[in-house]
Amino acid sequence: MTHTAVEKTPLTLLGLGAMGTALARTWLAAGHPLTVWNRGPARAATLAGEGAKAEESAADAVAANTLVVLCLLDDASVDEVLAHTDVAGKDLVNLTTSTPAQARARATWARERGARYLDGGIMAVPPMIGVPEAGGYVFYSGARELFDQHRGTLTVPVGARYVGEDAGFAALHDVALLSAMYGMFAGAAHAFALIRKEDIDPTTLAPLLADWLVAMAPGVHQTADHLRSGDYTEGVVSNLAMQVAGVPTFLTTAEQQGVTPELLTPYFTLMRRRLADGGGEEGLTGVVDLLVR
């Protein structure tokens, strides 16, 4: 039987922090020829021992391949690393955390220099890279044809979700999801603070809290439906008037437990404002409109 080797796309990776190193190892394990560069040479040297080609300069690393992936500290680092690099004819995939405006500016920067550009927002931590069952993925936005061309290579380390031609959309989705995560952690922190001085084992509260958050998570679909339709009362079970009436219980409990309510009061304030504006029969969707300036 004759076996035909599948040609693996060669690529360059700039930046070998914890995430960059994890990405590099999955591409190497999958047989992709990989050129790497890092500001500190030790990590590049380690990967060279595992089969990568290490370059001493970012310019040389970029010159080595058409597909160039960046996984650096921030947008300023991208500026610094690419400042004296010829990117004409390159396919730049920027996985560096940035804002939507920075991503759009970088796409323009790349286009003016003759490069194609994709921006990425990584929804994973390094231990999830190369582990499909972990559920991590990367948001991508920018040139659709570029994403389609390199999708097979980009999905080797972790899954991919394309979210639009606007280069800023990946960063926007990234920050939106992470913002919700921090809101969830804020609520969890308050919950644990309430029992902190009591004879309650936090490990017994944790599974109850996790299950409750999972049970409440589908509520985001109702919020999305309300925002699309403009009808904030459709399907509402616990209206805003009823929920605001319960706010004193949360605040009094916090006071009695010696817990500052500062993680909750901003949201409660918005709820009360929406109620005062006549949204008593709505759910909580109206809070979204109060946040938009």
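Which residue follows α5, and is its phi positive or negative? In this predicted model, α5 is followed by G114, and the phi of G114 is positive, near 80 degrees. The legends below begin with this helix.

**View 1. Helix α5, its buried residues and the elements that cover them.** The 13 residues of α5 should span 18 Å at 1.5 Å a residue, and the C-alpha atoms at the ends of α5 are 19 Å apart, which agrees. Buried within α5 are P100, A103, R106, A107, W109 and A110. The cover over these buried residues includes helix α4 (75-82), strand β5 (91-94), β6 and α7. After α5 comes G114, with its positive phi near 80 degrees.

**View 2. Helix α7 and the surroundings of its buried residues.** For the 27 residues of α7 (residues 169-195), a rise of 1.5 Å a residue gives an expected span of 39 Å, and the end C-alpha atoms lie 40 Å apart, in agreement with that expectation. The buried residues of this helix are A170, A171, D174, A188, H190, A191 and I195. Among the elements that cover the buried residues of α7 are α5 (100-112), β6 (116-123), β7 (137-142), α8 (202-216) and α11 (247-256).

**View 3. The crossing of α7 with α8.** The axes of α7 and α8 come within 11 Å and cross at roughly 145 degrees, and the crossing is right-handed. On the α7 side the contact is formed by M184, A188, A191, F192 and I195, which meet P202, L205, A206, L209 and L213 of α8. Sorted by class, the residues of this contact comprise 10 nonpolar, no polar and no charged residues. Of the α7 residues in this view, A188, A191 and I195 are also among those buried in the helix.

**View 4. The crossing of α11 with α12.** The axis of α11 and that of helix α12 (residues 265-276) come within 11 Å, crossing at roughly 160 degrees, which means that α11 is roughly antiparallel to α12. The crossing of these two helices is left-handed. V247, F250 and L251 of α11 make the contact together with T265, F268, M271 and R272 of α12. By class, the contact of α11 with α12 consists of five nonpolar residues, one polar residue and one charged residue.

**View 5. The crossing of α1 with α2.** Helix α1 (residues 18-29) and helix α2 (residues 41-48) have axes that come within 11 Å and cross at roughly 15 degrees, so α1 is roughly parallel to α2. The crossing of α1 and α2 is right-handed. In this contact A18, T21, A24, R25 and L28 of α1 meet R43, T46 and L47 of α2, and by class the contact holds four nonpolar, two polar and two charged residues.

**View 6. L23 of helix α1 and the residues that L23 touches.** L23 lies in helix α1 and has a relative accessible area of 3%, which is under the 20% cut-off, so L23 counts as buried. Leaving aside residues up to four places away in sequence, L23 touches L13, C71, L95, I129 and P157. One of these partners, L13, is 10 residues from L23 in sequence, and the C-alpha atoms of L23 and L13 are 8.7 Å apart in space.

Note on methods: Residues numbered from 1 in each chain as written. Predicted model: local features only at pLDDT ≥ 70, side-chain atom pairs only at ≥ 80, totals over all residues. Heavy atoms only, no water. Axes fitted to C-alpha atoms, helices over the stretch in contact; angles between N-to-C directions. Helix = DSSP H or I, 4+ residues; strand = E, 2+ residues; numbered from the N terminus. Parallel < 35°, antiparallel > 145°, perpendicular 65-115°, else oblique. Left-handed = near helix turned anticlockwise from the far one by under 90°. Contact = heavy atoms within 4.5 Å. Nonpolar A, V, L, I, M, F, W, Y, C, P; charged D, E, K, R; others polar. Expected span 1.5 Å × (residues − 1). Buried < 20%, exposed > 50% of the residue type's maximum accessible area, 1.4 Å probe, protein only.
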